[in-house]
Amino acid sequence: MTGRSRPNLKQIASALGLSVTTVSRALKDGPEVHPETIARVKAAALAAGYSPNPHGLALRTGRSNTLTVVLPLETNAYLADIAKVPLIEGMTLAARQAGYTLSICSVGPDEDQLEVLRRLRLSGGTDGVIVTRIVADDPRIAFLREQDLPYVTFGRSDSGIDHDYVDIDNEAMCYHAAATLLAQGHRRIALQLLSRDDLIGVARAHGFARAHAEADIPVLDRLIGYGHFTMGESEALFTRLLSETDPPTALICANELGLLGAVSALRKRSLVPGRDVALVTRDTSHMSRYLAVPVLVHFVDMAEVGQALINTLVKRLTSPSNAPIRLLLHGGFEQLSGY
């Protein structure tokens, strides 16, 4: 078994003086094969660096033992997708524990995601798909259902199609943040959202509006900003809002990168973050703990989210006729003193 080609069953069988059938059965711990032979075959396979050909396995069994997560790149900016790191870690570990390999399909901002899913389906290289960043009237939901490709979404959809999902209660997060600030006497609260059709943003806007309605205080639409979750765009957004004639007295940042942009905008105006202007943020990386600024933080364990996504997809694969799983995670708030 020399050379640069991928070792195969025939080569292992030839080296051991066994039939290909015996080697194949030994690698599967077949009861008809003597334990000593199984040990010999596995040792030879390990030494040769043998692993089953995933394409051949898929052809024989109709399964690839691979799960794929489609991760849209929100922008081409540095650090824009920071929350995906713990998410990927959680999915990778959960997939491995379930006996699957995780495949990550990163999709650029200008790529056609339906075409990406179509290629995944035609290749037969995945047993199930996780889709993220759900938008209004998301066409991927109907497509995956039509293609009979098992899937789970990170986020709920408004498609009217009942399906498996794992989501974070963004409405409750923003409701609590706004209600806390309103109770503290703030009447001009800025809110950072991604885009108008992003359903995370829609949920947060609902929570924000509900808190204001309960306090009988109008929402100031001019203080709701949309844009990419990057440090540069966040700084530009909050700089513009702080330049208003009646600037906000509190900022609800989309995430830790939004918080960094807000802190920079405040300091450039000689304002003390958390003292002159109150701050709230979602944080999935614990970065806010190291900024030395007072901030109300909504922490979410994205590794836990990743594990839940994989476990939900595996349950769909093993029990395809079961009712859809709807899992809503909540996270928790913590007031950081910053000093």
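This passage describes the overall form of a predicted model, its salt bridges and several individual residues. Local features were considered at pLDDT of at least 70 and side-chain atom pairs at pLDDT 80 or more, whereas totals for chains, interfaces and linings use all residues. Residues are numbered from 1 along each chain as its sequence is written, and side-chain values use heavy atoms, with hydrogens and water left out.

The secondary structure of the protein chain consists of 12 helices and 12 strands; these are DSSP runs numbered from the N terminus, with helices being H or I over at least four residues and strands E over at least two. The radius of gyration, taken over C-alpha atoms, is 25 Å, well over the 20 Å that the globule rule gives for 339 residues, so the chain is more spread out than a compact globule. The globule rule is 2.2 Å times the number of residues to the power 0.38. The C-alpha trace spans about 85 × 45 × 35 Å along its principal axes.

Of the 339 residues in the protein chain, 45% are buried. Buried denotes a relative accessible area under 20%, exposed over 50%, and partly exposed in between, with a 1.4 Å probe and protein chains only. The surface exposed by the chain is about 16900 Å², and carbon and sulfur atoms supply 52% of it; accessible areas come from the Shrake-Rupley method with a 1.4 Å probe, and for residues only the protein chains shown count as cover. Among contacts (heavy atoms within 4.5 Å) between residues at least 6 apart in sequence, 66% join residues at least 24 apart.

The protein chain carries 34 positive and 36 negative side chains, and the centres of the two sets are 6 Å apart. Lys and Arg count as positive and Asp and Glu as negative, while His and the chain ends are not counted. Each charge is placed at NZ of Lys, CZ of Arg, CG of Asp or CD of Glu.

A search of the whole structure gave 14 salt bridges, defined as a side-chain nitrogen of Lys or Arg within 4 Å of a carboxyl oxygen of Asp or Glu. One of them pairs aspartate 162 with arginine 326, with 2.8 Å between the closest N and O atoms. This pair links distant parts of the chain, 164 residues apart: aspartate 162 is in the loop between strand 4 (151-154) and strand 5 (165-168), and arginine 326 is in strand 11 (residues 326-329). Both partners are partly exposed, aspartate 162 with a relative accessible area of 46% and arginine 326 with 47%.

Glutamate 334 and arginine 289 form another salt bridge, in which the closest N and O atoms are 3.0 Å apart. Glutamate 334 belongs to strand 12 (residues 332-336) and arginine 289 to the loop between strand 9 (278-283) and strand 10 (295-299), so the bridge ties together parts that are 45 residues apart in sequence. Glutamate 334 is partly exposed at 32% relative accessibility, as is arginine 289 at 39%.

Within helix 9 (residues 199-214), arginine 210 and glutamate 214 are 4 residues apart, a separation of about one helical turn. Their side chains meet in a salt bridge with an N to O distance of 3.9 Å. Arginine 210 is partly exposed at 33% relative accessibility, whereas glutamate 214 is exposed at 53%. Glu171, Arg210 and Glu214 are joined into one network by salt bridges that share partners.

Valine 69, in strand 1 (residues 66-72), is buried, with a relative accessible area of 0%. Not counting residues up to four places away in sequence, valine 69 touches Met91, Leu102, Ser103, Ile104, Cys105, Ile130 and Thr132. The C-alpha atoms of valine 69 and isoleucine 38, which are 31 residues apart along the chain, are separated by 36 Å.

Arginine 118 lies in helix 6 (residues 113-123) and is partly exposed, with a relative accessible area of 33%. Arginine 118 and alanine 209 are 91 residues apart in sequence, and their C-alpha atoms are 38 Å apart in space.

Most residues other than glycine have a negative phi. Aspartate 148, however, has a positive phi near 55°; its place is the loop between helix 7 (139-146) and strand 4, where aspartate 148 is exposed with a relative accessible area of 62%. Phi of aspartate 216 is also positive, near 55°. Aspartate 216 lies in the loop between helix 9 and strand 7 (224-226) and is exposed at 71% relative accessibility.
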